[in-house]
Amino acid sequence: QVQLVESGGGLVQAGGSLRLSCAASGSTFSINTMGWYRQAPGKQRELVAVIGTGSTRKYADSVRGRFTISRDNAKNTVYLQMNNLKPEDTAVYYCNRARFPWGGFPYDYWGQGTQVTVSS
């Protein structure tokens, strides 16, 4: 069973940066498209970035130009570099499997997520 452990969140002022990490267990990591999702209070979980097996990338309009997704298959880890953060980026961030070029395709299991809070 896959396990996903997210880290790197925190409290940051608007305009600041954070780098999230997601360590995944399982030998199939390198053959799966992965994504970062987020869920703000009172809202549905949404997909914000996707990275394919060949490291091609897609982003939601709300984060394009500010967020960068990357992966290290040797470490079974996917990253999300977040720059120029805005208060509306405040959410719990999760990584999970996704579809390329776009779409959710998560495992049944979700990690605990990592909280990102952006103050104005």
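Me: Where does Asn 84 lie?

Reply: This is a predicted model. In it, Asn 84 sits in the loop that connects β8 to β9.

Me: What is the sign of phi at Asn 84, and how do I read it?

Reply: Look at the residue type along with the angle. Asn 84 is not a glycine, yet its phi is positive, at about 50°.

Me: Is Asn 84 buried or exposed?

Reply: Neither word fits, because its relative accessible area is 42%, which makes Asn 84 partly exposed. The buried class ends at 20% and the exposed class begins over 50%.

Me: Which phi does Asn 76 have?

Reply: Asn 76 also has a positive phi, about 50°, and is not a glycine. Its place is the loop between β7 (67-72) and β8 (77-82).

Me: Which peptide bond is cis?

Reply: Omega is the angle to read. The bond from Phe 100 to Pro 101 is cis, with omega near 5°. Pro 101 belongs to the loop between β9 and β10 (114-119).

Me: How many helices and strands does the protein have?

Reply: The count is 0 helices and 10 strands. Read from the N terminus, the elements follow one another as β-β-β-β-β-β-β-β-β-β. The radius of gyration is 13 Å, close to the 14 Å from the globule rule for 120 residues, so the protein is as compact as a globular protein of that length.

Me: What does the C-alpha trace span along its principal axes?

Reply: The spans are about 40 × 25 × 25 Å. As for burial, 46% of the 120 residues count as buried.

Me: What share of contacts joins residues at least 24 apart?

Reply: Start from the contacts between residues at least 6 apart in sequence; 58% of these join residues at least 24 apart.

Me: What order do the strands of the open sheet take?

Reply: First the general idea. Strands of a sheet pair through backbone hydrogen bonds, and the pairing is either parallel or antiparallel. Here 6 strands make an open sheet, ordered β2-β10-β9-β4-β5-β6, with mixed pairing. At its edges are β2 (10-13) and β6 (57-59), each of which pairs on one side only. On average, neighbouring strands of this sheet are turned by 25° against each other, with direction ignored.

Me: How many bridges join β4 to β9?

Reply: There are 6 bridges between β4 (residues 34-39) and β9 (residues 91-97), and the two strands run antiparallel. For one residue in this pairing, take Tyr 37: its bridge partner in β9 is Tyr 94.

Me: Where is Gln 39, and how far is its C-alpha from that of Ala 91?

Reply: Gln 39 is in strand β4. Its C-alpha is 5.2 Å from that of Ala 91, although the two residues are 52 apart in sequence. Sequence separation and distance in space are read as two separate values.

Me: Which residues does Gln 39 touch?

Reply: Leaving out residues up to four places away in sequence, Gln 39 touches Gln 44, Arg 45, Ala 91, Val 92 and Tyr 94. A polar atom of the Gln 39 side chain also lies 3.1 Å from the backbone oxygen of Lys 43. With a relative accessible area of 28%, Gln 39 is partly exposed.

Me: Is Asn 96 buried or exposed?

Reply: Asn 96 is buried, with a relative accessible area of 0%. This residue is found in strand β9.

Me: Which backbone atoms does the side chain of Asn 96 reach?

Reply: Read each polar contact as an atom pair with a distance. The Asn 96 side chain reaches the backbone nitrogen of Tyr 107 at 2.9 Å. It reaches the backbone oxygen of Tyr 109 at 3.1 Å. With residues up to four places away in sequence not counted, the residues Asn 96 touches include Leu 4, Met 34, Gly 35, Tyr 37 and Trp 110.

Me: How many disulfides does a search of the whole structure find?

Reply: The search finds 1 disulfide. The bond joins Cys 22 to Cys 95, with an S to S distance of 1.7 Å. Distant parts of the chain are linked by this pair: Cys 22 is in strand β3 (residues 18-24) and Cys 95 in strand β9, 73 residues apart.

Me: Are Cys 22 and Cys 95 buried or exposed?

Reply: Both Cys 22 and Cys 95 are buried.

Terms used: Residues are numbered from 1 along each chain as its sequence is written. This is a predicted model: local features need pLDDT of at least 70, side-chain atom pairs count only at pLDDT 80 or more; totals for chains, interfaces and linings use all residues. Side-chain values use heavy atoms; hydrogens and water are left out. Two strands pair if DSSP finds at least two bridges between them. Helices (H or I, at least four residues) and strands (E, at least two) are DSSP runs, numbered from the N terminus. Axes are lines fitted to C-alpha atoms, for helices over the stretch in contact, and angles run from 0 to 180 degrees between N-to-C directions. Buried means under 20% relative accessible area, exposed over 50%, partly exposed in between (1.4 Å probe, protein chains only). Contact means heavy atoms within 4.5 Å. A polar contact is a pair of N or O atoms within 3.5 Å; within protein, one must be able to donate a hydrogen and the other to accept it, and residues adjacent in sequence count only if both atoms are side-chain atoms. A disulfide is a pair of cysteine sulfur atoms within 2.5 Å. The radius of gyration is taken over C-alpha atoms; the globule rule is 2.2 Å times the number of residues to the power 0.38.
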